[in-house]
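Thanks for making time this morning. I would like to walk you through one structure, slowly, and I will begin with a single pair of residues before widening the view.

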Amino acid sequence: MKSHSEIVFENERFRATKWTIQPGGTIPMHRHEYDYVVVPLSDNLMHVTTADGELIEAALKPGTAYGRDAGSEHENENRGDSDVVFIEVEYLK
């Protein structure tokens, strides 16, 4: 298995999922149903390919965060040699 997730918190308003992408792994193309915030737990680079083919190199730094609106569509890839780990918090409106 090259990527996996675990729900670490959920109630009627929020869901927090811990994602781990191993070296060479991907989270396949997906579309977010909810607004969300990502909180990196590892210090590395994640390659993000958007639905229109744009490649983004996202530098992950623990203690930072970024957010996206519902409807965001992309694939996440770990081209590095250590695990990419982050918490995704979705606002379940």
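**Starting from one pair in the sheet**

Let me start at Thr49, which stands opposite Leu55 in β6. Please keep in mind throughout that what we are looking at is a predicted model.

If we move along to His47, we find that this residue stands opposite Glu57 in β6, and that His47 also stands opposite Glu77 in β8. Behind the first of these pairings there are six bridges that join β5 to β6, the two strands running antiparallel, while four bridges join β5 to β8, residues 73–77, again in an antiparallel arrangement. Between β5 and β6 there are four residues, the two strands forming a hairpin, and Gly53 in the turn has a positive phi of about 90°.

Now, in which order do the strands of this open sheet lie? There are four of them, with antiparallel pairing, and the order is β3-β8-β5-β6. The edges are taken by β3, residues 26–31, and by β6, and because each of these has a single partner strand, one side of each is left without a neighbour in the sheet. From one strand to the next, the twist averages 25°.

What about the surroundings of β5: is this strand largely enclosed or not? Five of its seven residues are buried, so β5 is largely enclosed by the rest of the structure.

That brings me to the interior. As a general point, nonpolar side chains in soluble globular proteins tend to be buried together. Here the largest nonpolar core has 11 residues in all, among them Trp19, Ile27, Tyr36, Met46, Leu60 and Phe86. The elements that contribute two or more residues to this core are β2 (14–21), β4 (35–40), β5 (44–50), β6 (55–60) and β9 (84–91). Staying with Tyr36 for a moment, and setting aside residues up to four places away in sequence, its contacts include Tyr66, Arg68, Asp69, His74 and Glu88.

Finally, how many aromatic pairs does a search of the whole structure find? The search finds one, and it is formed by Phe14 and Tyr91, tilted, at 5.8 Å centre to centre with 45° between the planes. This pair links distant parts of the chain, since Phe14 is in strand β2 and Tyr91 in strand β9, 77 residues apart. As for exposure, Phe14 counts as partly exposed because its relative accessibility is 27%, and Tyr91, at 39% relative accessibility, also counts as partly exposed.

Note on methods. Residues numbered from 1 in each chain as written. Predicted model: local features only at pLDDT ≥ 70, side-chain atom pairs only at ≥ 80, totals over all residues. Heavy atoms only, no water. Core = buried A, V, L, I, M, F, W, Y, C linked by side-chain atoms within 4.5 Å. Buried < 20%, exposed > 50% of the residue type's maximum accessible area, 1.4 Å probe, protein only. Contact = heavy atoms within 4.5 Å. Pairing = 2+ DSSP bridges. Axes fitted to C-alpha atoms, helices over the stretch in contact; angles between N-to-C directions. Phe/Tyr/Trp six-rings, centres within 6.5 Å; stacked < 30°, edge-to-face > 60°.
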